[in-house]
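Pull up the model and walk through it with me, one question at a time.

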Amino acid sequence: MFPEYDIIVVGAGHAGCEAAAAAANLGSRVLLVTMNMHTIAQMSCNPAMGGIAKGQIVREIDALGGYSGIVTDKSMIQFRMLNRSKGPAMWSPRAQNDRMLFAATWREMLEKTENVDFYQDMVSSIIIENGKACGVITGLGHQIKAQAVVVTSGTFLNGIIHIGEKRFGGGRVAEKAATGITEQLVELGFESDRLKTGTPPRIDGRSLDYAKMEEQRGDDQIVGFSFLDIPKPATQRSCWITYTNQTVHDILKTGFDRSPMYTGRIEGIGPRYCPSIEDKINRFAERDRHQLFIEPEGWNTVEIYVNGFSTSLPEEVQSEALRQVPGFENVRIFRPGYAIEYDYFPPTQLRYSLETKLISHLFFAGQINGTTGYEEAACQGLMAGINAHQKTKGLEPLILKRSEAYIGVLIDDLISKGTEEPYRMFTSRAEYRTLLRQDNADLRLTELSHRLGLASTERMKKVLRKKDGAEKIKKILAGFTVDPETTEDYFLSRNTAPLTQKQKAAQVLLRPSMDLMSMRDNIPGLGDQLSDFSKDTLEQAEIQVKYDSYIEKEKELVKRMAQLEDLMIPENFNYDRINSLSNEALQKFKKIKPGTLGQASRISGVNPSDVQILMVYMGR
């Protein structure tokens, strides 16, 4: 019934979709197996993509030739560039999306991708022969063979949904859990554990009084996520902001004795940085209010997502508490919030390619590795899809360094440190964030992907034009002289001291109050020389000029750290022979088996002295 595939992808969430697209676009024949063809790429939680550090990840996915950025741009209903008041290393794109359009666009793109087949069924086990993944067995009993398997199971592995004292099996509301894979892998020697996440109520927007809330509009200028020229929406939908209060908190507390979190029915650890509302009022008891973001679910629906009110309290408590929120006095609930508990496999069991150490040709991506968030899942799926293809073709894996991408930071964190709670990306996790900006993801990654055969020639040409254009602009600025006599009024209008003598435009641009677009439009003669360059190329040149010293400092740091990153540790290295290692370092080294001294230095519990001892023992 089924041919033999190059790669089978298990699960069609954000990780599975990116994995299938990447492997297929590289030339592998892919089968995407999902339990429900109608929920491909569903936004299970909030209808949004991007945000702090997450937006950088989506830009990196796009730069590598993934689909998430394109889908986001095609389905956005609002766009905002967060942190514009800070330096460009902190700028983070975020979009509200039409939930149904997002999923429909993803499915359409996958269906148009050559080499992708689909099948609706549950995968109950992996076919393993001689320590190698060779296919899957489905719930209907089909044995489907493949050269590699990518598991992207999301929250479905033995998923349990909690609403107050009610508890039932499911991977999402109204969808059954997946069983069999955890039990098989644990029997083979894998370590598994439980995590928890949650989602807020969905409500009827017609029942809200928006006059009592603060409107949050989108940016006038939509940057978007994809480096390709995707048409942007002509109009945008607003979001709204309101707040809880002490009365809301008091009502929520009445349900704590029936909360699965506080009665011990939930064993898994929840996300630290996206806590439930009951967790927030418990952990931050000194606060008398918490911010709620009221987010539309799409262009043509009244359904609203209440961001900040994730909860698993009894439904009647949710309803009573919400009615005390300003603007929610007459609220109607479409669906209560709930918590979901699911299996994951601590990611220290993976190689940097996301292939498991125990079973070759078996790859994990997404929440199965302990992460939370669409963006974190999607980038892992992309990398797993690329590396599954590379593995089946006998080619070297694509491993992104911490200095090359947030994706590299995420994967290194997971494998070196593991995670005991849902992992979320932040800019603070990246020590080279001045280099890893959202604006230069294409300059960092597209050429790398193009050499693999994933990023298109169209993308590569755009990158070369941007790179060449930025260099030309920098030369123009370094050579153009600004005359104090013709610019005094302009400088005063920018609240900066007028020039007392002629100065090069590059030097003028270093002033905090100056930006290149304004200089182009107001300094006589400069506009003529910069008229042929696009806005994003001008912005790129401006960032490189303004932050040159910071960028060079980080590049120097990368060079120094590269000495450790390049020192390889043999996979069969015998750590037991090093008597002077601390007990914790010895245990961690034997469990994680770091590939380089750089990775060894980042393992939690490993001291610099342990790394020095290891370096000496290796003859360095």
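**Charges, sheets, cores and cysteines**

Q: Is Arg-520 buried, partly exposed or exposed?
A: This is a predicted model, and Arg-520 has a relative accessible area of 22% in it. Buried would take a value under 20%, and exposed a value over 50%. With its 22%, Arg-520 therefore counts as partly exposed.

Q: Which residue forms a salt bridge with Arg-520?
A: The closest N and O atoms of the pair sit 3.1 Å apart, and the cut-off is 4 Å. At 53% relative accessibility, the acidic partner counts as exposed. That partner is Asp-521.

Q: Which residues are joined into one network by salt bridges that share partners?
A: You're looking for charged side chains linked through common partners. The members are Arg-402, Asp-412, Asp-413, Lys-417, Glu-431, Glu-565 and Arg-602.

Q: Asp-412 belongs to that network; what is its relative accessible area?
A: Find Asp-412 in helix 10, which covers residues 406-417. Leaving out residues up to four places away in sequence, Asp-412 touches Tyr-352, Arg-402, Lys-417, Gln-599 and Arg-602. This aspartate counts as buried, since the limit for that is under 20%. Its relative accessible area is 2%.

Q: How many residues apart in sequence are the parts tied together by the Glu-191 and Lys-591 pair?
A: The two side chains meet in a salt bridge, at 3.6 Å from N to O. Glu-191 lies in the loop between helix 5 (181-187) and strand 12, and Lys-591 in helix 19 (residues 583-592), so the pair bridges parts whose separation in sequence is 400 residues.

Q: How exposed is each side of that pair, Glu-191 and Lys-591?
A: Glu-191 has a relative accessible area of 35%, and Lys-591 has 48%. The partly exposed class runs between 20% and 50%. So Glu-191 is partly exposed, and Lys-591 is likewise partly exposed.

Q: Which residue meets the side chain of Asp-515 in a salt bridge?
A: The N to O distance is 2.6 Å. Asp-515 sits in the loop between helix 14 (505-509) and helix 15 (516-522), and its partner sits 21 residues away, in the loop between helix 13 (484-493) and strand 22 (503-504). Asp-515 is partly exposed at 23%, and the partner is partly exposed at 25%. That partner is Arg-494.

Q: Which strands stand at the edges of the sheet ordered 11-10-19-12?
A: Four strands make up this open, antiparallel sheet. An edge strand has a single partner, so one of its sides is left without a neighbour in the sheet. That goes for strand 11 (166-169) and strand 12 (193-199).

Q: Which residue in strand 11 stands opposite His-162?
A: Strand 10 (residues 160-163) pairs with strand 11 over four bridges, in the antiparallel sense. Across from His-162 you'll find Arg-167.

Q: What is the average twist from one strand to the next in the sheet ordered 14-15-16-17-13-18?
A: This one is an open sheet of six strands with antiparallel pairing. Strand 14 (214-216) and strand 18 (333-335) each have a single partner, so they form the edges. From one strand to the next, the twist averages 35°.

Q: What is the bridge partner of Ile-203 in strand 18?
A: Strand 13 (residues 202-204) and strand 18 pair over two bridges, again antiparallel. In strand 18, the partner of Ile-203 is Ile-333.

Q: Which helix gives the most residues to the largest nonpolar core?
A: That core has 107 residues, and Ile-8, Leu-362, Phe-364, Met-383, Leu-400 and Ile-407 touch the most other members. The top contributor puts in nine residues. It is the helix spanning residues 374-392, helix 9.

Q: How many disulfides does a search of the whole structure find?
A: Take Cys-45, partly exposed at 21%: the closest cysteine sulfur, in Cys-274, is 6.4 Å away, too far for a bond. The cut-off would be 2.5 Å. The count for the whole structure is zero.

Notes
Residues are numbered from 1 along each chain as its sequence is written. This is a predicted model: local features need pLDDT of at least 70, side-chain atom pairs count only at pLDDT 80 or more; totals for chains, interfaces and linings use all residues. Side-chain values use heavy atoms; hydrogens and water are left out. Two strands pair if DSSP finds at least two bridges between them. Axes are lines fitted to C-alpha atoms, for helices over the stretch in contact, and angles run from 0 to 180 degrees between N-to-C directions. A nonpolar core is a set of buried Ala, Val, Leu, Ile, Met, Phe, Trp, Tyr and Cys residues joined through side-chain atoms within 4.5 Å. Buried means under 20% relative accessible area, exposed over 50%, partly exposed in between (1.4 Å probe, protein chains only). Contact means heavy atoms within 4.5 Å.
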